[in-house]
Amino acid sequence: MNELIWYVPAAYIWCYIGSKVPLGIESARANEGRYDNRSPREQQNELTGKGARLRAAHYNAIEAFPPFATAVIVASLAQEATTLMHACAAGWVLCRLVYQAAYAADLATLRTTVWGGSVAATLGLFVSWVL
C-alpha cells in the first residue's frame, strides 16, 4: 500500500462531520434551537428548504463514500501513488466540498457538475493503476 490510503479516513470524517454538523445545526435552528437527540431523523424529515437540501447532501455523502474508498484501496495496491492518483483523490474531496456548499445554496447546475466530477474522480482512481 502507499500513502494514498490516507484519503479514506479524511473522506470518512468529512462524510460524517462535514455534512452532518450543518444538518444538525439546521435541524436545531428550524426547531427553535432544540435538537431532538431522541429521534433526530424524524426531526430532519420535517425539514424544508435549506434543511431538506442539507439532509439530501448528507445522504449523498454517505452514498458516495463507499465507491470512493474502494477506488482508493484499489489504487493503493499499486507500488507507488502516481500524480494522477493523487489528483483524482484530491479532486474527489474538493468536488464533495463544493457539492455540499452548492446543495445548501440551491445551486443545482453547479451541484450536478461537481457531482459528475466526483464520479469521474472515482472512476479515474479505479483505472489509474493501469495508466
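1. Tyrosine 12 has a relative accessibility of 44% and therefore counts as partly exposed, since that class lies between the buried limit of under 20% and the exposed limit of over 50%. The structure discussed in this note is a predicted model. Tyrosine 16 falls in the partly exposed class as well, because its relative accessible area is 38%.

2. The two residues belong to helix 1 (residues 7-30), and because tyrosine 12 and tyrosine 16 are 4 residues apart there, about one helical turn separates them. A search of the whole structure yields 4 aromatic pairs. One of them joins tyrosine 12 to tyrosine 16, in a tilted arrangement with 4.9 Å from centre to centre and 50° between the planes. Tyr12 and Tyr16 also belong, together with Phe65, to one aromatic cluster.

3. A further pair deserves the reader's attention. Tyrosine 99 and tyrosine 103 are 4 residues apart in helix 4 (residues 83-104), so about one helical turn lies between them. Tyrosine 99 is buried, because its relative accessibility is 5%. Tyrosine 103, with 15% relative accessibility, is therefore also counted as buried.

4. How are the rings of tyrosine 99 and tyrosine 103 placed, in terms of their centres and planes? The centres are 5.5 Å apart and the planes stand at 85°, so this pair is edge-to-face; the reasoning rests on the rule that planes over 60 degrees apart receive that description.

5. Glutamine 43 is found in helix 2 (residues 40-45). Is this residue buried or exposed? Its relative accessibility is 8%, and glutamine 43 therefore counts as buried. A polar atom of the glutamine 43 side chain lies 3.0 Å from the backbone oxygen of arginine 34.

6. Which residues surround glutamine 43, once its neighbours within four places in sequence are left aside? The contacts are with Ser27, Ala28, Asn31, Arg34, Tyr35 and Asp36. Arg34 thus appears in this list and also supplies the backbone oxygen described above.

7. On the surface, a nonpolar patch of about 870 Å² is made by Leu84, Trp115, Val119, Leu123, Phe126, Val127, Trp129, Val130 and Leu131. Helix 5 (residues 108-128) provides the largest share of this patch, namely 5 residues.

8. Phenylalanine 126, one of the residues of the nonpolar patch, is located in helix 5. The relative accessible area of phenylalanine 126 is 30%, so this residue is classed as partly exposed.

Technical notes:
Residues numbered from 1 in each chain as written. Predicted model: local features only at pLDDT ≥ 70, side-chain atom pairs only at ≥ 80, totals over all residues. Heavy atoms only, no water. Buried < 20%, exposed > 50% of the residue type's maximum accessible area, 1.4 Å probe, protein only. Polar contact = N/O pair within 3.5 Å; in protein donor to acceptor, adjacent residues only side chain to side chain. Contact = heavy atoms within 4.5 Å. Patch = residues over 30% accessible without salt bridge, like charges linked within 9 Å, V, L, I, M, F, W, Y side chains within 5 Å. Areas by Shrake-Rupley, 256 points an atom, 1.4 Å probe, with all protein chains shown as cover. Salt bridge = Lys/Arg side-chain N within 4 Å of Asp/Glu carboxyl O. Phe/Tyr/Trp six-rings, centres within 6.5 Å; stacked < 30°, edge-to-face > 60°.
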